[in-house]
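This report is written for a reader meeting the structure for the first time. Please keep the sequence and the model at hand while reading.

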Amino acid sequence: MSLAGKTVIVTGSNSGIGLGVARSFAGAGAKIVLNSFTDNDDDHKLAKDMSEEFGTEVRYIQADMSKGDQCRALIEKAGACDILVNNAGIQHVAPIDEFPQDKWDAIIAINMSSAFHTTAAALPMMRKAGWGRIINIASAHGLRASPFKSAYVTAKHGVVGMTKTVGLETAKEQITCNAICPGYVLTPLVEAQIPDTAKEYNMSEDEVIEKVILAKQPSKEFATVEQIGDLAVFLASDSAAQITGQALPVDGGWTAA
Ligand code: NAD
C-alpha cells in the first residue's frame, strides 16, 4: 500500500506503539514526523536511521503534548499534515481517593487534550488538501474500565468520544477519524508496571505477565506494535474511506468477553 507523498505526524513516537506506527507508515513510503517531549541526540539519530532504512523523509520535532500551545506548534512546524496519529500517552495506577492531582492533570492533558489541540490545528490543513486521516491511539480502557486507572480510563473514554464526534463533523470532507483500541502490547509503558505488580502479588515478573496481564486477553498473547501500525496504515488507505468515527479494538478478544 503506497502512501508516498503523504505527511504523517505521530505524537509520542520515540518508543513503543508510536514508533511502531511510524515505522509502518515509513514502510508505506510516507514522510514521517516523529515527536516526543525530549530533544536529544538519540531522538535525532532515530529519525536519521529510519530515513536511511526506509528511503523516505523522517524528521524529529520536539513538543510537549501536555501543553496545548506546543501541540498546535508541532503541527505548524511540520508544515503539512495529511495523516495525524495521536499516540502520546502516560499511565499511573492508584485508587481514586489517593490519585495525585498532578498525575491526573498530566494524564488528561497528554492522553486526551493533546488530541483536541493537534486535531484542531491539523484540520484546516486537511481541508485545504481535500483529504485527511486522524487516527487516535485510544485503548481497550476507552471501552471498558479497570480499577485504579481512573485518569487513564477517563482520558481514553474521552478520546473515543472525541473520535466519534470528529468523525461526524468531517464525514462529508474526505477526512476520517478513527480510534485504535489496543489491549496489552509489551512496551515500556506496560513493562514499567510489572515490577510493582510482582511485589504486590508476590509473584515473579514472568508470572505477572502470564497470570495478571495476559490472563485478561483471551488470545493469551500480546498484540504487537507492527499489528497496530498495519491497522493504522489500512485506516489511512482509500480502502478505509467509509470507516469513520469508529473505535477498533486490537485486544485478542478482551473487550468481546
Ligand atoms: P511508551 O511509553 O512506549 O510510549 C509513550 C510515548 O509517549 C513515548 O514516545 C513518550 O516519549 C511519549 N510521551 C510521553 N509523554 C509525552 C509528552 N508530554 N509529550 C510528548 N510525548 C510524550 O508506551 P506505549 O505503550 O507505546 O503507549 C503509546 C500509546 O498507546 C499511549 O497512548 C497508550 O495509552 C496507548 N496504549 C498502550 C497499550 C499497551 O499495552 N502498551 C495499550 C493500550 C493503549
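The sections below treat the nonpolar core, the surroundings of the ligand and one helix in turn.

## Basis and nonpolar core

The model described here is predicted. Its largest nonpolar core comprises 69 residues. Val8, Ile9, Phe25, Ile32, Val85, Ile180 and Ala232 have the most contacts inside this core. Helix α4, residues 101-129, supplies the largest share of the core, namely nine residues.

Leaving aside residues up to four places away in sequence, Ala232 touches Val21, Ser24, Val85, Ile135 and Ile180. In soluble globular proteins, nonpolar side chains tend to be buried together.

## Surroundings of the ligand

The ligand is surrounded by 27 residues, of which Gly12, Gly16, Gly89, Thr187 and Leu189 come nearest. Two or more residues of this shell are given by each of the elements α1 (16-27), α4 and α6 (188-191).

By type, the shell around the ligand divides into 13 nonpolar residues, 13 polar residues and one charged residue.

## Helix α3

Helix α3 spans residues 68-78, and its buried residues are Cys71, Leu74, Ile75 and Ala78. Viewed down the axis of α3, these buried residues fall within an arc of 90 degrees, so they line one face of the helix. Asp69 and Glu76, on the other side of α3, are exposed.

The buried residues of α3 are covered by elements including β1 (7-10), β2 (31-36), β3 (58-62) and α4. Helix α4 also contributes to the largest nonpolar core. After α3 comes Gly79, which has a positive phi, near 85 degrees.

Note on methods:
Residues numbered from 1 in each chain as written. Predicted model: local features only at pLDDT ≥ 70, side-chain atom pairs only at ≥ 80, totals over all residues. Core = buried A, V, L, I, M, F, W, Y, C linked by C-beta atoms within 7 Å. Buried ≥ 20, exposed ≤ 12 C-beta atoms within 10 Å, placed from the backbone. Helix = DSSP H or I, 4+ residues; strand = E, 2+ residues; numbered from the N terminus. Contact = placed C-beta atoms within 7 Å. Near = placed C-beta within 6 Å. Nonpolar A, V, L, I, M, F, W, Y, C, P; charged D, E, K, R; others polar. Arc of directions from axis to C-beta.
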